[in-house]
Amino acid sequence: MGGDSSGLDAAAAALKRMGVKYSSEFMCDNSKHSKNILSNVYEPKRFFDGIMDRDEEALPDVDLYIWTPPCQDVSPAGQKQGVDGPRNMGTRMKQSMKYIK
């Protein structure tokens, strides 16, 4: 399993709760608080501070890849500025697609 913009990683929590065995190959989040929790609870083999700060070619292949983009730019509770908003969701989406390819 690998993931970007992991936050508190609800997907990993669900897998763990269901008793599904998995290996956390990599996670990514720029929040130091998320990094601390994710590193201690899920023990990813690699942790990246940002999706733009890594080489997709160097990442391992995983059976399950989860990208949970920051929603503030498209959320009614946020600025509603869309994929070109201040959190660069469009750019991050393109970066995650590089990994998927």
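Contact in these legends means heavy atoms within 4.5 Å.

**Figure 1. Overall view of the predicted protein chain.** The structure is a predicted model, in which local features need pLDDT of at least 70, side-chain atom pairs count only at pLDDT 80 or more, and totals for chains, interfaces and linings use all residues. Residues are numbered from 1 along each chain as its sequence is written, and side-chain values use heavy atoms, with hydrogens and water left out. The protein chain contains three helices and four strands, arranged from the N terminus in the order β-α-β-α-β-β-α. Helices (H or I, at least four residues) and strands (E, at least two) are DSSP runs, numbered from the N terminus. The mean pLDDT, the predictor's confidence in each residue on a scale from 0 to 100, is 83 for the protein chain, and 83% of its residues reach 70 or more. Among the elements, strand β3 (residues 46–48) has the highest mean pLDDT, 92, and α3 the lowest, 77. Of the 101 residues, 39% count as buried; buried means under 20% relative accessible area, exposed over 50%, and partly exposed in between (1.4 Å probe, protein chains only). Among contacts between residues at least 6 apart in sequence, 48% join residues at least 24 apart.

**Figure 2. Close-up of the nonpolar cores.** A nonpolar core is a set of buried Ala, Val, Leu, Ile, Met, Phe, Trp, Tyr and Cys residues joined through side-chain atoms within 4.5 Å. The largest such core has 10 residues: Phe26, Cys28, Phe48, Ile51, Leu59, Val62, Tyr65, Trp67, Met89 and Tyr99. Two or more residues of this core come from each of β2 (26–28), β4 (65–67) and α3 (89–100). Another core, of seven residues, lies apart from the largest one and includes Met1, Ala12, Leu15 and Met27.

**Figure 3. Close-up of Ala12 in helix α1.** Ala12 lies in helix α1 and is buried, because its relative accessible area is 0%. Leaving aside residues up to four places away in sequence, Ala12 touches Met1, Tyr22, Met27 and Tyr42. Leu38 is 26 residues from Ala12 in sequence, and their C-alpha atoms are 9.5 Å apart in space.

**Figure 4. Close-up of two loop residues with positive phi, Asp9 and Glu43.** Most residues other than glycine have a negative phi. Asp9 occupies the loop between β1 (2–4) and α1 (10–18), and its phi is near 55°. Asp9 counts as buried because its relative accessibility is 7%. Beyond residues up to four places away in sequence, Asp9 touches Met1, Met27, Leu38 and Tyr42. Asp9 and Ile37 are 28 residues apart in sequence, with a C-alpha to C-alpha distance of 9.8 Å. Glu43 belongs to the loop between α2 (32–41) and β3, and its phi is near 50°. Glu43 is exposed, because its relative accessible area is 59%.

**Figure 5. Close-up of Thr91 in helix α3.** Thr91 counts as partly exposed because its relative accessibility is 40%. The C-alpha atoms of Thr91 and Ile51 are separated by 9.7 Å, although the two residues are 40 residues apart along the chain. Ile51 is one of the residues of the largest nonpolar core.

**Figure 6. Close-up of the largest pocket.** A pocket is found on a 1 Å grid over the protein atoms alone, as an open set of points where a 1.4 Å probe fits, with protein on both sides within 12 Å along at least five of seven lines; lining residues have an atom within 4 Å of a point. Grid points are joined across faces, edges and corners, and a volume is the space filled by probe spheres set on the points. The largest pocket holds about 250 Å³ of space. Its lining has 14 residues, of which Ser5, Asp29, Asn30, Pro70 and Arg92 lie nearest the centre. By class, the lining comprises four nonpolar, five polar and five charged residues. Ala, Val, Leu, Ile, Met, Phe, Trp, Tyr, Cys and Pro count as nonpolar, Asp, Glu, Lys and Arg as charged, and the others, Gly among them, as polar.

**Figure 7. Close-up of the second largest pocket.** The volume of this pocket is about 150 Å³. The residues lining the second largest pocket are Glu56, Glu57, Leu59, Asp61, Val62, Tyr65, Lys98, Tyr99, Ile100 and Lys101. Helix α3 gives the largest share of this lining, three residues. By class, the lining has five nonpolar, no polar and five charged residues. Leu59, Val62, Tyr65 and Tyr99 are also among the residues of the largest nonpolar core.
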